[in-house]
Amino acid sequence: MVSHGSKRFPTHHGYGEVKVSRYVVLYVAQIAWLGLGFYLYSGAYWPSTCTPENLLDIYACSMRLPENGGWREASLLTWLWATPILVALELSRRFARSPD
């Protein structure tokens, strides 16, 4: 059985009206995601052979984070690499051409 979108708005398929409450939830989720990243980054222990000073160094050194075996470092690695992928997916969704 193939789903054809919402029964309430059968022609919208994900492009319907977005109310204020959804914007609030979206921005709260984005702030929470950035807050999580700041929390993980502020408490992570970087290996002594790799201390990042800028964003490029952070990504270059991120693969060595789990060497310490801490949950925070492993979580930061996941957060660092998931964030650009999530941003790219959102941008591709927004700028994708409509088949119409």
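A salt bridge is taken here as a side-chain nitrogen of Lys or Arg within 4 Å of a carboxyl oxygen of Asp or Glu. In this predicted model, a search of the whole structure under that criterion returns one salt bridge. The pair consists of glutamate 67 and arginine 64, whose side chains meet with an N to O distance of 3.1 Å. Arginine 64 has a relative accessible area of 28% and is therefore classed as partly exposed, since this class lies between the 20% limit for buried and the 50% limit for exposed.

The secondary structure of the chain comprises three helices and zero strands, which gives the pattern α-α-α when read along the sequence. Of the 100 residues of the chain, 18% count as buried. Among contacts with a separation of 6 or more, 42% are accounted for by residues 24 or more positions apart.

In soluble globular proteins, nonpolar side chains tend to be buried together. In the present model, the largest nonpolar core contains eleven residues: Leu40, Ala44, Trp46, Cys50, Ile58, Cys61, Leu65, Leu76, Leu77, Trp79 and Leu80. Helix 2 (55–61) and helix 3 (71–95) each contribute at least two residues to this core, and helix 3 gives the most, with four residues. For leucine 40, a member of the core, the contacts beyond four places in sequence are with Trp71, Arg72, Ser75, Leu76 and Trp79.

Two further members of the core, Cys50 and Cys61, are linked covalently. A disulfide joins cysteine 50 to cysteine 61, with an S to S distance of 1.7 Å, and the count of disulfides comes to one. Cysteine 50 lies in the loop between helix 1 (20–43) and helix 2, whereas cysteine 61 lies in helix 2, so the link ties together parts that are eleven residues apart in sequence. The torsion about the S-S bond is -90 degrees, and the link is left-handed. Both cysteine 50 and cysteine 61 are buried.

Serine 62 follows in the loop between helix 2 and helix 3. Its relative accessibility is 0%, and it therefore counts as buried, the limit being under 20%. With residues up to four places away in sequence left out, serine 62 touches Trp46, Leu77, Leu80 and Trp81. Of these partners, Trp46, Leu77 and Leu80 belong to the largest nonpolar core.

A charged residue in the interior was also examined. Arginine 72, found in helix 3, is buried yet has no salt bridge. The nearest side chain of opposite charge is that of glutamate 73, at 6.5 Å; this separation does not satisfy the salt-bridge criterion, because that criterion requires a distance within 4 Å. The side chain of arginine 72 instead forms a polar contact of 2.4 Å with the side chain of tyrosine 39. Apart from neighbours within four places in sequence, arginine 72 is in contact with Tyr39, Leu40, Gly43 and Ala44. Leu40 and Ala44 are among the residues of the largest nonpolar core.

How values were computed:
Residues are numbered from 1 along each chain as its sequence is written. This is a predicted model: local features need pLDDT of at least 70, side-chain atom pairs count only at pLDDT 80 or more; totals for chains, interfaces and linings use all residues. Side-chain values use heavy atoms; hydrogens and water are left out. A nonpolar core is a set of buried Ala, Val, Leu, Ile, Met, Phe, Trp, Tyr and Cys residues joined through side-chain atoms within 4.5 Å. Buried means under 20% relative accessible area, exposed over 50%, partly exposed in between (1.4 Å probe, protein chains only). Contact means heavy atoms within 4.5 Å. Lys and Arg count as positive and Asp and Glu as negative; His and the chain ends are not counted. A polar contact is a pair of N or O atoms within 3.5 Å; within protein, one must be able to donate a hydrogen and the other to accept it, and residues adjacent in sequence count only if both atoms are side-chain atoms. A disulfide is a pair of cysteine sulfur atoms within 2.5 Å.
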